[in-house]
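Let's take a walk through a protein model, one stop at a time. Keep the picture open beside you as you read.

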Amino acid sequence: MTLPASTDIQGVLTLLLGGGLLDEPLAERIFELILTGHVNDAQLGALLAFISARGATVDELVSGVRVLRRHMVPVPVSAHDRSGVIILDTCGTGGGPKVFNVSTVAAFVVAAAAPGRVSVAKHGGKSRTGRGSAEVLEHLGVNILASPTAQAASLELAGICFSFAPHHHPAMRHAAAARKSLGFPTIFNLIGPLSNPAGATHQLIGTFDPVVARTLVEANVRLGSRRSLVVTSQDGLDELTTTAPNELLEASPAGITERTLDPRELGFPRRALAELQVHTLAAAAALFTDILAGTPSPAREMVELNAAAALWVAGVA
């Protein structure tokens, strides 16, 4: 099947309807149209649904990330550029069974464990559950609307900042209505985690789908990531979990390495999903502070596992 000669969105939809794929140049032109408001909601909904039905390709994901990065409001990290401190992110794709805010708590542990060596630019947003990283941090008193300059200062002084996705990716407003009306994850749920506003060079990325994990890791190699680890659990969680063995895909300049990790090999007991779930914002915030206070629990074990993996990705453990 031949690609349409123009970036006419109707021609692209016809291509996708017939089972076609978007190669990198065409996908980049289409994402530029989307993120500059030149694709209407009906057309965008159809395009996202077609891609979701067959799964995003590496070409499509890489193109979307490059365009979103071009339109991004960055965190100025010149001090880190000079100091050689690694900037790491623990943002995942979501989509698995909901537990507590594992990656967000782990971000604090990593920053505290490796001061002067690793800083964590935690990228995130609000969740449909009302208990996402932004909601919990705001509940605990964090200014999630801090300016990019304030985030850079926090990164330098405290080794951690929170980058609230909607404020760094204003171009995403053009896709908001279509995404909300669809009600299921789309390629934008994969583009976001690869578009850290502070330019994180190292990442721990959780996803619930092994096929998506492979796409993410191959895209990260193409995008020049220094080192990243994409993880998924065999029971469908989008974090490294103590409830089942985990599949790990490591991306580095040397290529992709694949392995399976059973947390019992590291001394963690097998846990049940119910031991890791919270159901209210207040409970999520209380668990967050309990873990950081050192209170033993199955949740603390899961944070230890994810923080350890992030420190390993950063090369400091």
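Is A146 buried or exposed? A146 is buried, because its relative accessible area is 19% and the cut-off for buried is under 20%. Keep in mind that what you're looking at is a predicted model. To find A146, go to the loop between α7 (133-139) and α8 (148-158). Now pick out G236, which sits 90 residues from A146 along the chain. The C-alpha atoms of A146 and G236 are separated by 34 Å.

Next, let's follow one helix. Helix α3 covers residues 41-54, which makes 14 residues. From its first C-alpha to its last it reaches 20 Å, close to the 20 Å you'd expect at 1.5 Å a residue. Have a look at its start, where N40 caps the N-terminal end. A side-chain oxygen of N40 lies 3.1 Å from the backbone nitrogen of A42. Past the other end comes G55, and its phi is positive, near 95°. Which residues of α3 are buried? They are Q43, L44, G45, L47, L48 and I51. As for what covers them, the list includes α1 (9-17), α2 (24-35), α4 (58-70), α10 (173-182) and α11 (188-191).

Two of those covering helices, α2 and α4, bring us to charged side chains. Side chains of opposite charge can pair when their charged atoms come close. How many salt bridges does the count come to? The count comes to 14 salt bridges. One of them joins E28 and R70, with the closest N and O atoms 2.8 Å apart. E28 belongs to helix α2 and R70 to helix α4, so this pair ties together parts that are 42 residues apart in sequence. E28 counts as partly exposed because its relative accessibility is 23%. R70 is partly exposed as well, at 48%.

Here's another pair for you to find: R300 and E304 meet in a salt bridge at 2.9 Å, N to O. Both residues lie in helix α14 (residues 298-313), 4 residues apart, which is about one turn of the helix. R300, at 27% relative accessibility, counts as partly exposed, and so does E304, at 33%. Some salt bridges share partners, and that joins E24, D59, R66 and R222 into one network. You can also look for the side chains of E275 and R271, which form a salt bridge at 3.3 Å, N to O. E275 is partly exposed, with 38% relative accessibility, and R271 is partly exposed too, with 22%.

Now for the strands. How many of the 7 residues of strand β5 are buried? For β5 (residues 227-233), the tally is 7 of the 7, so the strand is largely enclosed by the rest of the structure. In a regular strand the side chains alternate between the two faces of the sheet. In β5, R227, L229, V231 and S233 point one way, while S228, V230 and T232 point the other way. Strand β4 (residues 202-206) pairs with β5 in the parallel sense, over 5 bridges. If you start from H202, you'll find that its bridge partner in β5 is R227.

R227 also leads us to another strand, since R227 is among the residues that E250 touches. E250 has its place in strand β6 (residues 246-252). With a relative accessible area of 9%, E250 is buried. What does the side chain of E250 make a polar contact with? The partner is the side chain of R259, at 3.2 Å. Leaving out residues up to four places away in sequence, E250 touches V217, R227, S228, L229, G255, I256, T257, R259 and W312. So you can trace R227, S228 and L229 in β5 and then come back to them as contacts of E250.

Our last stop is the cysteines. A disulfide is a covalent bond between the sulfur atoms of two cysteines. How many disulfides does a search of the whole structure find? The search finds 0. C91 is in no disulfide, and the nearest cysteine sulfur, that of C161, is 12 Å away. Why is there no bond from C161 to C91? At 12 Å, the two sulfurs are too far apart for a bond. C91 is buried, with a relative accessible area of 9%, and C161 is buried too, with 5%.

Definitions and conventions:
Residues numbered from 1 in each chain as written. Predicted model: local features only at pLDDT ≥ 70, side-chain atom pairs only at ≥ 80, totals over all residues. Heavy atoms only, no water. Helix = DSSP H or I, 4+ residues; strand = E, 2+ residues; numbered from the N terminus. Buried < 20%, exposed > 50% of the residue type's maximum accessible area, 1.4 Å probe, protein only. Disulfide = S-S within 2.5 Å. Expected span 1.5 Å × (residues − 1). Contact = heavy atoms within 4.5 Å. Polar contact = N/O pair within 3.5 Å; in protein donor to acceptor, adjacent residues only side chain to side chain. Salt bridge = Lys/Arg side-chain N within 4 Å of Asp/Glu carboxyl O. Pairing = 2+ DSSP bridges.
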